[in-house]
Amino acid sequence: MNQLSQTLERFGGVYLLPVFVGLIAFVLIGAPSSWVTLTVAGLSMGMMIFLMASGLSLIFGLMDVLNFGHSAFISFGAFVSASALAYMSGWLGADNIALNLIALFLAFGAALAFGLVAGWFFEVVIIKPVYHDHLRQILITMGALIVSEQIILAVWGGAPVTVPRPAFLEGSWLFGDVTVEIYRAFAFALGLAVYIALYFVLKRTRIGLLIRAGVENREMVEALGFKINRLFVGVFMVGSALAALGGAMWAGYETLITPALGGEMMIVVFIVVIIGGLGSVEGTLLGAIMVGLIANYIGFLAPKLALASNMLLMMAILLWRPSGLKPAVK
Amino acid sequence: MTHSSPRGALFIKSVVLLIGALLLFAPFLFQETRSLEVAARICIFVVLVASYDLLIGYTGIVSFAHTMFFGFGAYGAAIALKQMGPGWDAVLVGVLAGLAVSIVVAIAIGLLSLRVKAIFFAMITLAAASVVLVLASQLSDLTGGEDGITYKAPQVFKTANKLMVDDAGKVARVFGVKLNGKLAAYYFVFTSCLVLFILCLRMVASPLGTVLKAIRENEARAEAIGYRVVAYRTFVFCIAAVAASLAGSIYAIWLKYTGPDTALSFTIMIDILLMVVIGGMGTMYGAVIGAVLLVLAQYYLRDLMGAASDALHGIPLLPELFEPDRWLLWLGIIFILLVYFFPKGIAGTIWDKGARS
């Protein structure tokens, strides 16, 4: 038994979990073509959730700040990009991939820029006064969430907003009897790119080194003379921008968004962060992919269970590993 | 607290007493249906907020599942009254069923997650509450889904029921108020809420309350003195759940309707949070003040804001921000400012004022 677990550890440890889940689902589903479709859907959903959750996890890991208002950035990102896309609908519909791409990236850029600015504002105005006080942090960020939801309602109204998709992301590819929606593949690729970028920054650059050191022991980094607060503002802004980008991607995926979107996603994001272990990017990716896969498999196998699937997954994992799958060293 | 100069404390206590007296005579003082609704809602929320204050103010636990327990109680009474018909047996079964579910869930959540950090607990309760909300809207055979359940209250509380008749055989009137079932229902709500509130008040004054405060102030030290922190936390979480569940049942009997919006939605949780923070965490009396202010704001601030919105007509965006439905926006801003500048809320701040002078 001991040897078995050691062998498992050598081959990737908890990272094998999604593979196992995929294999079990393959046996249960039976039909390879629907399995592939579901897996692709699960992976792309996981990647989008990863975008939303990674910032939250990093912010917590670095500064011990849990931002309950994080989902506000998700909804703002979704609505800002939806408005930008609607504004450029002429370019989107054009039969020209270059124009499509420009419009799409402008919209995502708008969401990102908004996330950066709003994140800066949020950090400096809302969170800075209540460092090291968990109770007031929870209350204040909750208050900020209420206010931002109301602002969204005031600006965009309560009615659902349709999100136009660029023409080249519409439709799906056919491989034999397997269909893969192009948008899903795109979401997966974008999420993967962000993950690789994050990984590179964290593991290969000096700033990443400082961030990782800060997660592990903040006081020591401060004692060595680095202004960790300034670093934290940066991480907060990037985290918020990523959440906004995730929201923008999700808006395109759902194509019909309501102001309730932020609240719905917040629960999923929290579950992912808890499953993955607070403070680690790898853990968040793992948690997001698990949630995405399980949600899709269960939705196919036992639709009645789908609603509670995330919760059940979280309970199972917490019983097995109380601090999440891959917690940051703390 | 109590042995310091009592000026501020006295003021708070007299305000609370005044509110209590107003609520006691509410049917006679404010003779419209809407005011009675407001008064009953205040009673219910006082209990709900006081029991939440046990958690957040006295023990330092942040839970987002308080409405979930409120909903268990409300749905328990509602489903029993719907299935078994209006009667006290149905009320009893429903209340007990709601209580049982609440206690089991509270113990499960408490033992599973009260060991970990406050923040973890907050997230887990949030997730649990959202799952229950989804379940309530999906299991429509039992809960009526989004539409909720309408049912009849026990015979005594029917508006047509005459408590006393005058010589002509009509409903007797005292100071112009009809002595009908509506009045009985209001006093049922008022008395049971009063009892629950006094129990909460008694609890924080007991040795148990002192231990809870010790846990809030310094968990490691409380543990070192020999108190089993997890057991105490789980216990107080259960007590709060029981109080919330009972409040839910009472509200269900009063409203004769239970749905996700009245019993489970996240807005109620936000209301409770606003009330406890505005009133003052860890004061109990703050619960009364916060509940009164916020319920009044809910019912009457909208009218005021509607007027403001009309007055600002023509200016871009401002009318939208002042629209009656946006009242939460302003309360949210007040909430943030309060947490910054007066973390003790109204009751706590005034209480301390007297102590300093």
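What share of the 357 residues in chain B is buried? In this predicted model, buried residues account for 47% of the chain. Chain B is built from 17 helices together with four strands. Its contacts also reach across the sequence: taking those between residues at least 6 apart, 73% join residues at least 24 apart.

A good place to see this at the level of one residue is B:Leu36, a member of helix H3 (residues 33–59) of chain B. Is this leucine buried, partly exposed or exposed? B:Leu36 has 19 C-beta neighbours inside 10 Å and therefore counts as partly exposed, since a buried residue needs 20 or more. Leaving aside residues up to four places away in sequence, B:Leu36 touches B:Ala26, B:Pro27 and B:Tyr186. Another residue to look at here is B:Leu183, which is 147 residues from B:Leu36 in sequence, while the C-alpha atoms of the two are 9.2 Å apart in space.

Turning to the interface, 31 residues of chain B are in contact with 26 residues of chain A. On the chain B side, two or more residues are given by each of helix H6 (118–138), helix H13 (266–279), helix H15 (318–321) and helix H16 (327–341). Which of these provides the largest share? That is H6(B), with 12 residues. By residue type, the side of chain B that touches chain A comprises 25 nonpolar, four polar and two charged residues.

Within chain A, helix H2 (residues 17–29) offers a simple check on geometry. At 1.5 Å a residue, its 13 residues should span 18 Å, and the end C-alpha atoms are 18 Å apart, so expectation and model agree. Just after H2(A) comes A:Gly30, with a positive phi near 90°.

Helix packing in chain A can be followed in one further pair. Two packed helices are described by the angle between their axes and the distance between the axes. For helix H9 (residues 206–216) and helix H11 (residues 228–254) of chain A, the axes come within 11 Å and cross at roughly 105°. This crossing makes H9(A) roughly perpendicular to H11(A), because angles of 65 to 115 degrees fall in that class. H9(A) contributes A:Leu210, A:Ile211 and A:Gly214 to the contact, and H11(A) contributes A:Ile228, A:Leu231 and A:Val235. These residues divide into five nonpolar and one polar, with no charged residue in the contact.

Conventions. Residues numbered from 1 in each chain as written. Chains lettered and ligands numbered in written order. Predicted model: local features only at pLDDT ≥ 70, side-chain atom pairs only at ≥ 80, totals over all residues. Buried ≥ 20, exposed ≤ 12 C-beta atoms within 10 Å, placed from the backbone. Contact = placed C-beta atoms within 7 Å. Expected span 1.5 Å × (residues − 1). Nonpolar A, V, L, I, M, F, W, Y, C, P; charged D, E, K, R; others polar. Axes fitted to C-alpha atoms, helices over the stretch in contact; angles between N-to-C directions. Parallel < 35°, antiparallel > 145°, perpendicular 65-115°, else oblique.
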